[in-house]
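Reader: I have a model open on my screen and would like to learn how to read it. Could you walk me through some features?

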Amino acid sequence: MTFALATLRIDGVPVPVIEVDGRHVRLDALAPDLLAPRSDRGLMNLFDDWPGAERRLLEAAARVPTATRGVVMPVFFLKPPTTTLVGCGPVRFPVQSSKFDWEIELAVIFGRRMRRVSQAEALAGVAGYAVGIDLSARDWQMNPRHPWKFDLFTGKAFDDACPLGPKIVPARFVDTRDLRLTLTVNGETKQDASSSDMIWSVAEQASMLSEFVTIEPGDVLLTGTPAGVGMASGTYLEVGDRIEASITGLGTMRVVVVPDSPSSGTPKPG
């Protein structure tokens, strides 16, 4: 596995990227911890401990899937809907974690059954869109006990890990080419970006997903997050923190982190 590093200017902002097989992938999307503790230093963060950073870069490069039909695939994973899906309101702090992180994402809700469909067919199968928050336990996700030191299931599929809402807007009323995504924690802006910066479009992701699983009506696809996650700066969520996540025309998700207890049930979607 070979890779190269570069800094690209995206919408006037310098963005560190890793190049694998001719494809540029944002480091803050693939391995945000490599840019901690100061994301403003960009690639310079890597040279503070180059041997360690190089090992992590090799691991990150290996997670970029090989090309299929000339397109590099995104990384897919599942969140169990009955235990992770919640609405506005409380989300329980995962007590085994000390690195509880946030990610705002455009959520795609499908309205028809699809299997191995083209991009155009996949887009036609979208019923609507909503605001999604992909909550992550980074110390579970980057687990040193895991054979590959990386586990998306334990890191992202815990209880209350998928706040979704506050409404579903039908696809006919949404132009996904330039939506503004913002996320604040306790009123401080953490993420502020446009859907125009997405590495893979909604149509591309949905079509590729349909090659591996049958998409059913009501299924939800979260489409990835922009820069500004907590791991990049070493800043994480605590009990009592309030998150507001907004996307143009889709509304604002408001959640608050609450203590967990062994007997507490899953909050109902709101």
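## A buried glutamate and its partners

Author: Gladly. Let us begin with a contact: the side chains of Glu103 and Arg138 are joined by a polar contact of 2.6 Å. Please keep in mind that this is a predicted model.

Reader: Where does Glu103 sit, and is Glu103 buried or exposed?

Author: Glu103 lies in the loop between β8 (100-101) and β9 (104-110). The general idea is that a residue under 20% relative accessible area is called buried. Glu103 has 8% relative accessibility, so it counts as buried.

Reader: Which other side chain does Glu103 contact?

Author: The side chain of Lys156, through a polar contact of 3.1 Å. These residues also belong to a wider group: Lys79, Asp101, Glu103, Asp134, Arg138 and Lys156 are linked in a network of salt bridges.

Reader: How should I read one link of that network, such as Asp134 with Lys79?

Author: Look at the charged ends of the two side chains. Asp134 and Lys79 meet in a salt bridge of 2.8 Å, N to O. Then check where the partners are in the chain: Asp134 is in the loop between β10 and β11 (136-137), while Lys79 is in the loop between β5 (71-72) and α3 (81-84), so the pair, 55 residues apart, links distant parts of the chain. Both Asp134 and Lys79 are buried.

## Other salt bridges

Reader: How many salt bridges does the structure hold?

Author: There are 15. One of them joins Arg180 and Asp192, with the closest N and O atoms 2.7 Å apart. This pair also links distant parts of the chain, with Arg180 in strand β13 (residues 180-185) and Asp192 in strand β14 (residues 188-194), 12 residues apart. Arg180 counts as partly exposed at 48% relative accessibility, and Asp192 counts as partly exposed at 43%.

Reader: What about a salt bridge within a helix?

Author: Try Glu59 and Arg56, whose closest N and O atoms are 3.1 Å apart. The two are 3 residues apart in helix α2, so about one helical turn separates them. Their burial can be read from the relative areas: Glu59 is partly exposed at 30%, whereas Arg56 is buried at 17%.

## The helix and a surface patch

Reader: How can I check that α2 has the span expected of a helix?

Author: Use 1.5 Å a residue as the guide. Helix α2 covers residues 50-62, which makes 13 residues and an expected span of 18 Å; its end C-alpha atoms are 18 Å apart, so the two agree. As for burial, the buried residues of α2 are Gly52, Ala53, Arg56, Leu57, Ala60 and Ala61.

Reader: Which residues form a nonpolar patch on the surface?

Author: Met44, Phe47 and Trp50 do, with about 310 Å² of accessible area together. Met44 is in the loop between α1 (27-30) and α2, and Met44 is partly exposed, with a relative accessible area of 47%.

## The five-stranded sheet

Reader: Now the strands. How do I read a sheet?

Author: Strands of a sheet pair through backbone hydrogen bonds, either parallel or antiparallel. In this model, 5 strands form an open sheet in the order β6-β12-β10-β9-β15, and the pairing is mixed. β6 and β15 (220-222) stand at the edges with a single partner strand each, so one side of each is left without a neighbour in the sheet.

Reader: Which pairs are parallel and which antiparallel?

Author: Strand β6 (residues 85-86) pairs with strand β12 (residues 162-170) in the parallel sense over 2 bridges, and Val86 stands opposite Pro163 there. Strand β10 (residues 126-133) pairs with β12 in the antiparallel sense over 4 bridges, with Gly128 having Pro170 as its bridge partner. β9 and β10 run antiparallel, joined by 7 bridges, and β9 and β15 run antiparallel, joined by 3 bridges.

Reader: Which residues stand opposite Val108 in β10 and β15?

Author: Tyr129 stands opposite Val108 in β10, and Leu221 is its bridge partner in β15.

Reader: What can I say about the two faces of β9?

Author: In a regular strand the side chains alternate between the two faces of the sheet. In β9, Ile104, Leu106, Val108 and Phe110 are on one side, Glu105, Ala107 and Ile109 are on the other, and all are buried, which covers both faces. The count for the strand is 7 of its 7 residues buried.

Terms used: Residues numbered from 1 in each chain as written. Predicted model: local features only at pLDDT ≥ 70, side-chain atom pairs only at ≥ 80, totals over all residues. Heavy atoms only, no water. Expected span 1.5 Å × (residues − 1). Buried < 20%, exposed > 50% of the residue type's maximum accessible area, 1.4 Å probe, protein only. Pairing = 2+ DSSP bridges. Patch = residues over 30% accessible without salt bridge, like charges linked within 9 Å, V, L, I, M, F, W, Y side chains within 5 Å. Areas by Shrake-Rupley, 256 points an atom, 1.4 Å probe, with all protein chains shown as cover. Salt bridge = Lys/Arg side-chain N within 4 Å of Asp/Glu carboxyl O. Polar contact = N/O pair within 3.5 Å; in protein donor to acceptor, adjacent residues only side chain to side chain.
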